[in-house]
Amino acid sequence: MMKSKRIAVTAFAVAALFAGAFGMALAQDAAPSGDAAKGKRIFLADGCFTCHGRSGQGGAYNGPAPILAHTMLPFDGFKGQIRNPANDMPAFSDALLSDQDIADVYAFVQTLPGAGSAKDHPILSN
């Protein structure tokens with residue numbers, strides 16, 4: 001009886017540790033609060049639309065630019081790409097875009113509809 005109680009307590013403790021670690025991981029991936037309206041102004045004013053399109057659909061202005069509309073990229077990855085970009089994208093230091101500005105842009109691109117399926121377009125569903 002004592003052994004089964006000890007196993008149950010140990011199992012509960014392990015489960016609690018995993019739940020706590022999972023909660024911390026989710027908190028780290030969660031984006032800070034952003035204002036989508038401010039993010040739209042920044043997206044347009046800083047010229048993000050030039051490569052990524054006005055509705056975040058991506059483009060090919062200076063080579064292929066990724067689709068940002070309703071991005072699945074976590075906030076930290078999005079911010080990392082802005083601070084230390086790959087390919088031709090210019091870097092935006094904290095002096096150019098604050099973390100709050102990036103959170104605002106992230107909030108804006110999350111409001112944009114992502115890619116739809118072909119069946120969503122009437123001309124393609126016939």
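This is a short tour of the structure above, stop by stop, with something to select at each one.

**Stop 1: the whole chain**

Start with everything shown as a cartoon, and keep in mind that this is a predicted model. How many helices and strands are there in the protein? There are five helices and zero strands. Follow the chain from its beginning and you will read the pattern α-α-α-α-α. Now colour the 126 residues by burial: buried residues make up 21% of them. If you look at contacts between residues at least 6 apart in sequence, 58% join residues at least 24 apart.

**Stop 2: helix 5**

Select residues 99-111, which form helix 5. This helix has 13 residues, and from its first C-alpha to its last it reaches 19 Å. That is close to the 18 Å expected at 1.5 Å a residue.

Next, show the side chains of Ile102, Ala103, Asp104, Val105, Tyr106, Ala107, Phe108 and Val109, which are buried in helix 5. What do the buried residues of helix 5 pack against? Add residues 36-45 and 75-83 to your selection: these are helix 2 and helix 4, and the buried residues of helix 5 pack against them.

**Stop 3: Asp104**

Stay in helix 5 and pick out Asp104. Is Asp104 buried or exposed? Its relative accessible area is 4%, and buried means under 20%, so Asp104 is buried. Now select Asp35 as well. Asp104 and Asp35 are 69 residues apart in sequence, yet their C-alpha atoms are 4.8 Å apart in space. Not counting residues up to four places away in sequence, Asp104 touches Gly34, Asp35, Ala36, Lys38, Gly39 and Ile42.

**Stop 4: helix 4 and Phe78**

Move to helix 4 and show Phe75, Phe78 and Ile82, its buried residues. They cover an arc of only 65° around the axis, so they sit on the same side of helix 4. Try looking down the helix axis to see this for yourself.

Now zoom in on Phe78, which lies in helix 4. Phe78 counts as buried because its relative accessibility is 5%. Which residues is Phe78 in contact with, leaving aside its neighbours within four places in sequence? They are Leu68, Leu73, Ile102, Val105, Tyr106 and Val109. Of these, Ile102, Val105, Tyr106 and Val109 are among the buried residues of helix 5 that you displayed earlier. For a distance to try in your viewer, take Phe78 and Leu68: they are 10 residues apart in sequence and 9.5 Å apart from C-alpha to C-alpha.

**Stop 5: the loops on either side of helix 4**

Select Thr71, in the loop between helix 3 and helix 4. Thr71 counts as buried because its relative accessibility is 11%. Leaving aside neighbours within four places in sequence, Thr71 is in contact with Tyr106, Val109 and Gln110.

Step to His70, found in the loop between helix 3 and helix 4. His70 is not a glycine, but it has a positive phi of about 50°. With 43% relative accessibility, His70 counts as partly exposed.

Then go to Asn87, in the loop between helix 4 and helix 5. Asn87 also has a positive phi, about 60°, although it is not a glycine. At 77% relative accessibility, Asn87 counts as exposed.

**Stop 6: Pro113**

Select Pro113, in the segment after helix 5. Pro113 is exposed, with a relative accessible area of 65%. Leaving aside its neighbours within four places in sequence, Pro113 is in contact with Ala69 and His70. Add Gln57 to the view: Pro113 and Gln57 are 56 residues apart in sequence and 9.1 Å apart, C-alpha to C-alpha.

**Stop 7: the largest pocket**

Finish by switching on the surface. The largest pocket has a volume of about 610 Å³. Which of its 27 lining residues are the closest to its centre? Select Cys51, His52, Ala65, Pro66 and Met89 to find them. Helix 3 (48-52), helix 4 and helix 5 are the elements that give two or more residues to the lining of this pocket. Colour the lining by residue type, and it divides into 18 nonpolar, seven polar and two charged residues.

Conventions. Residues are numbered from 1 along each chain as its sequence is written. This is a predicted model: local features need pLDDT of at least 70, side-chain atom pairs count only at pLDDT 80 or more; totals for chains, interfaces and linings use all residues. Side-chain values use heavy atoms; hydrogens and water are left out. Helices (H or I, at least four residues) and strands (E, at least two) are DSSP runs, numbered from the N terminus. The expected span of a helix is 1.5 Å times one less than its number of residues. Buried means under 20% relative accessible area, exposed over 50%, partly exposed in between (1.4 Å probe, protein chains only). Contact means heavy atoms within 4.5 Å. On a 1 Å grid over the protein atoms alone, a cavity is a set of points where a 1.4 Å probe fits but cannot get out, and a pocket is an open set with protein on both sides within 12 Å along at least five of seven lines; lining residues have an atom within 4 Å of a point. Grid points are joined across faces, edges and corners, and a volume is the space filled by probe spheres set on the points. Ala, Val, Leu, Ile, Met, Phe, Trp, Tyr, Cys and Pro count as nonpolar, Asp, Glu, Lys and Arg as charged, and the others, Gly among them, as polar. The arc is that of the directions from the helix axis to the C-beta atoms.
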